[in-house]
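The following paragraphs guide a reader through selected parts of one structure. Please keep the sequence and the three-dimensional view at hand while reading.

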Amino acid sequence: MKILRRFCLWAGISFLGLLLAVVPSLARADYSWNFPRPVTPIARDTLEIHNHFMIVITVLFLVVFGIMVYSMLKHRKSVGHQPARFTGPTGTVQWLWALVPFAILLFIDYILMGIPAYHAVLDMEDTRTKADMVLKVTGMQWKWQYEYPESGIKYLSTTSTPRDQITNKEAKGEHYLLEVDNPVVLPVGKKVRVLLTSTDVIHTWWVPQFGVKRDAIPGFLRETWLKIEEPGIYRGQCAELCGKDHGFMPVVVHAVPENEYLAWVDQKKTQLAAAAAGSDKTWSKDELLAAGKDIYAKQCAACHQPEGQGLAPVFPALAGSKIVTGPLLSAEGKLLKDSHVDRVLNGKEGTAMQAFKNTLTDAELAAVITFERNSFGNKKGDLIQPAQIKSLR
C-alpha cells in the first residue's frame, strides 16, 4: 500500500507539472511546442535530429516506466512477494538482463543517435566549402557591426524600438525589441560564411530560424555559416548575458533574391560614399546638433541615459562633466589626451567606454561631440568639424 500511495503521489505531482506547463495557453500567451520553421540546411537538420531523438527517448521512457510500474505492482509486499537476496548477477539469465540493456543503450547512443549527430556537427563546422560570400559580425555593447569584405560595406545595427515603448510611455509595437535601424541583407540560396568576434565582452549572434547560435568572443575569430532558402525577414537577438542592455541587442536579417541583394549593395555603397564625402563639408552648428542628437540616442543613451545623467559609478554623467566641458583641442589643433574628443575616438581602457573611431564616420563623430558639449546643461557654444576629426585619425 505504501508503494501505491507513493505512486499516486508521484502521479499527482506529474499532473500538477503538466497543468503548470499548460497555464500560459490559458493566459493566451505565445506558446509553441516545436522549433520555429527552419529556413536553412542547419536548422532543418537540427529539427530532424531533434525529432528523431525525441521519438527514441520517448520509447525508452515508456518501456522503462512500464517495466518499473509493472514491477512495483506485481512484486509488492502486500501480495506476499518476498524480497530477493543478491548483490549482483549470478546466473546466465541475470547476466543477460544486465548486459543486453547496456548493449542496447550503446547502440542507441553511438549508432542510432551518435552517427546522425556526428555528421550534423561536421556539416555545421564546414564553413569554407563552396562559400559564396563572407559576412563579418562584431558584437559590442549593445549593438552589432556588420561588414561585407568583398563589397567594402561596413555599418552599425542598433535597436530601433522607440524609447517611449521601453519606458512604457506608449504601447509596445509588433516587433518590440526585435527591430533595428540597419538590418543585415543577404541573398537567398547563397552559402554565407559568417565570421564573429567582439570588441568588449562575450555576445551571441542568434537567429532561431537559421539554427545558428554562435558566441562572439573578444580576441577570437569564430565561424559559422548559413544558406537561407526562402526570402523573408528573420529576427533574433543576442543570447548572452552581455551587460545592462543585453535585452536591447536584436538581430534582423532581410533575405532577398540575388538581384535585389546586388541592388542593395550598390545603394549602400552610394550611401557610404556620401557619408564619407561629408568629412570635407563645412557643417553649421545647427546641422551638427540635429545629427548629433540622433546619433547620441542610438549610440550613447543606453549607457549615459537620454538626458546625460549617467548611471554611476559605471557610466558617468555627461551633464556637467569636466571632460565634456573641458578643452576641445590643443592650441595647435592637436588631440589632447583624456579630452572629450580623445575619449569619444579612442575610448578608455578598462571601462565600458568603447572607441568609436572605427565604427562612426567623421561627420557622425563631429556631430555627437558637438551635441554633447551643447546639451544637458552643457553650454560650451563650440563645435568641431568633420574635417578636424579626419585629421586626428
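In this predicted model, the side chains of T204 and D215 are joined by a polar contact of 2.5 Å. T204 belongs to strand β6, which comprises residues 203–207. Its relative accessibility is 2%, so T204 counts as buried. Leaving aside residues up to four places away in sequence, T204 touches several others, among them W144, K213, R214 and A216. D215, the partner in the polar contact, is also one of the residues that T204 touches. Further along the sequence, Q237, C238, A239 and E240 are likewise included among the contacts of T204.

One of these contacts, C238, leads to the topic of cysteines. How many disulfides does the structure hold? The number is 0. In general terms, a disulfide is a covalent bond between the sulfur atoms of two cysteines. For C238, the closest cysteine sulfur is that of C242, and at 3.8 Å it is too far away for a bond, because a disulfide requires the two sulfur atoms to lie within 2.5 Å. Seen from the other side, C242 is in no disulfide, and its nearest cysteine sulfur is that of C238. Are these two cysteines buried or exposed? C238 has a relative accessibility of 3% and therefore counts as buried. C242, at 4%, counts as buried as well.

Attention now turns to a helix. Helix α7 is made up of 15 residues, numbered 285–299. From its first C-alpha to its last, α7 reaches 20 Å, which is close to the 21 Å expected at 1.5 Å a residue. Within α7, the residues L288, G292, I295, Y296 and Q299 are buried. An α-helix has 3.6 residues a turn, so residues three or four places apart point the same way. The buried residues of α7 are covered by elements that include the strands β2 (143–148) and β3 (153–157). The helices α8 (301–304) and α10 (362–373) are also included in this cover.

Helix α7 has a part in the largest pocket as well. The volume of this pocket is about 980 Å³. Its lining consists of 46 residues, of which Y296, Q299, C300, A301 and A302 are the closest to the centre of the pocket. Which helix gives the most to the lining? It is α7, with 5 residues. At least two residues of the lining are supplied by each of α5 (163–166), α7, α8, α9 (340–346) and α10. Y296 and Q299 thus appear twice in this account: both are buried in α7, and both are among the lining residues closest to the centre of the largest pocket.

Definitions and conventions:
Residues numbered from 1 in each chain as written. Predicted model: local features only at pLDDT ≥ 70, side-chain atom pairs only at ≥ 80, totals over all residues. Heavy atoms only, no water. Buried < 20%, exposed > 50% of the residue type's maximum accessible area, 1.4 Å probe, protein only. Helix = DSSP H or I, 4+ residues; strand = E, 2+ residues; numbered from the N terminus. Polar contact = N/O pair within 3.5 Å; in protein donor to acceptor, adjacent residues only side chain to side chain. Contact = heavy atoms within 4.5 Å. Expected span 1.5 Å × (residues − 1). 1 Å grid on protein atoms, 1.4 Å probe; cavity = no way out; pocket = protein on both sides within 12 Å on 5 of 7 lines; lining within 4 Å. Points joined across faces, edges and corners; volume = space filled by probe spheres on them.
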